[in-house]
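Reader: I'd like to learn how to read internal cavities and helix packing in a protein model. Could you walk me through one?

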Amino acid sequence: MILFFELILALLAGVIAGTISGITPGIHINLISAIVISLVLSLALPISPIVIVIFLVAMAITHTFVDYIPSIFLGAPDEDNVLSILPGHEMLNQGKAYDAVVYTLYGSIAALPIILLFSPLFFYFLPIIYPHAERIMPIILLVTSGFLIYFEKTNRIWAIIIFILSGILGLATFALPIKESLLPLFTGLFGISSLITSLNKKQKIPKQKISRLKNIKIKTKSFFKSISASLLASPLCSFLPGMGSGQAAVIGSQLVNDLNRKEFLVLLGSINTIVTGLSFITLYSIGKARTGVAAAIDQITTLTIPDLVTITIAMTLAGILAFFVTIYTARGFSKIISKINYQILSAIIIGLLIAITFYFSSWLGLLVLTVSTILGLTCIYSGIRRTHMLGSLIIPAIMLYIL
């Protein structure tokens, strides 16, 4: 009975932590996970490992619901939702940022039963499939990357250049003695670079409309079109190293006909939650951590089947709570965003991200942050999709298998 109440408290604490990490630019769940695990291991806290696991799982799932708020309202994404910037900001400029967030929520809430559907498949078949896939993993990653570059509509040459440069930057970053190396890397590539462009545009945010939930509609055909795309792409990117929500979204959108803004936002929300949820099943099935949170869990315990059942229940409950938390949080953002000087806000966020990077990653982190920001700006001004910068993960993963 005591353990039950501890699990409930861990679930609620995880939802709160995921909300904070989701709305705060630069504070990623990987960072919080690393801090939590460091405290648990160094202080030898008398807490059951499954309690820590449920906290981390609830935080991760909640984060996938909430983290579109800063992406859409502030243009400050993390690596999992970089593609939401364009359609999200278009709707922000039309006074419909709240609607944009709700469309991602439709996808995220639909992802919960999809995770339940795929969990048994991952449980039984992934251990059979993965050893064969692992032998040709570099080829799979290269083919997938080539697929993403081939479907670049603006400039394939620039896509190749950015992909390669990002890979070199990733290799250099991981070779340096930097704590939380992903923080400066992705903060520069996807965060500060976006905020700098916002400063240059001198953007003024129009007053935002807050529609009733029942009035924010998407056609049934469009909804299932988006969900079908996520069903096709998410499982693949859930166990491939270096692949994540961004690549899954591009692959999914190419496997179906062109998606409009609403459909694309639903797709993004769905994929982000599915990839995160399935990462825990992947950890159990093949012993590979494909997300930072899964890696943190792997440090403190070896998952069992009863743990997986508990995790599945926790994901479902956390997702339902996160849905409503995100709605109320997005409403609050909608009420105040037009009253704020966007340039000053962007400058403050840039300063905050630099301070966070220095605190966790020191001077070398600032060096990586500077280089990654320049590369991020180059990508933006070249007009290509920013998912090509995820070569910073894919190329190191390829080199890891080759060497």
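Reader: How many cavities of 30 Å³ or more are there?

Author: A good place to begin is the general idea. Rolling a probe the size of a water molecule over the atoms shows where empty space is left. In this predicted model, the count comes to 2 cavities of 30 Å³ or more.

Reader: What volume does the largest cavity have, and which residues line the largest cavity?

Author: Its volume is about 40 Å³. The lining consists of Ser-145, Leu-148, Ile-149, Phe-163, Thr-387, His-388 and Ile-394.

Reader: Which helix gives the most to that lining?

Author: Helix H7, spanning residues 137–150, gives the most, with 3 residues. It also helps to sort a lining by class: for the largest cavity there are 4 nonpolar, 3 polar and no charged residues.

Reader: And what should I note about the second largest cavity?

Author: The second largest cavity holds about 30 Å³ of space. Around that space you will find Leu-112, Ile-115, Leu-116, Thr-312, Met-315 and Thr-316. By class, they divide into 4 nonpolar, 2 polar and no charged residues.

Reader: Which helices supply at least two residues each to the lining of the second largest cavity?

Author: Helix H6 (97–135) and helix H14 (305–336) each do so. That makes a handy bridge to helix packing, where one reads the angle and the axis distance together. For H6 and H14, the packing angle is about 175 degrees and the axes are 9 Å apart.

Reader: Why are H6 and H14 described as roughly antiparallel?

Author: An angle over 145 degrees counts as roughly antiparallel, and H6 and H14 pack at about 175 degrees, so the two helices are roughly antiparallel to each other. Their contact has 15 nonpolar, 5 polar and 1 charged residues.

Reader: Let's try another pair. At what angle do H3 and H12 cross?

Author: Helix H3 (residues 49–66) and helix H12 (residues 261–286) cross at roughly 165 degrees, and their axes come within 8 Å. That angle makes H3 roughly antiparallel to H12. Next comes the hand.

Reader: Is the crossing of H3 and H12 left-handed or right-handed?

Author: The H3 and H12 crossing is right-handed. On the H3 side, the contact is made by Val-57, Ala-60, Ile-61, Thr-64 and Phe-65, while H12 brings Asn-272, Thr-273, Thr-276, Gly-277 and Phe-280. Sorted by class, this contact has 5 nonpolar, 5 polar and no charged residues.

Reader: How does H3 pack with H13?

Author: H3 and helix H13 (residues 292–300) pack at about 180 degrees, with axes 10 Å apart. H3 is therefore roughly antiparallel to H13.

Reader: Which residues of H3 and H13 meet?

Author: From H3 come Pro-49, Ile-52, Val-53, Leu-56, Val-57 and Ala-60, and they meet Val-293, Ala-296, Ile-297 and Ile-300 in H13. The class split for this contact is 10 nonpolar, no polar and no charged residues.

Conventions
Residues numbered from 1 in each chain as written. Predicted model: local features only at pLDDT ≥ 70, side-chain atom pairs only at ≥ 80, totals over all residues. Heavy atoms only, no water. 1 Å grid on protein atoms, 1.4 Å probe; cavity = no way out; pocket = protein on both sides within 12 Å on 5 of 7 lines; lining within 4 Å. Points joined across faces, edges and corners; volume = space filled by probe spheres on them. Helix = DSSP H or I, 4+ residues; strand = E, 2+ residues; numbered from the N terminus. Nonpolar A, V, L, I, M, F, W, Y, C, P; charged D, E, K, R; others polar. Axes fitted to C-alpha atoms, helices over the stretch in contact; angles between N-to-C directions. Parallel < 35°, antiparallel > 145°, perpendicular 65-115°, else oblique. Left-handed = near helix turned anticlockwise from the far one by under 90°. Contact = heavy atoms within 4.5 Å.
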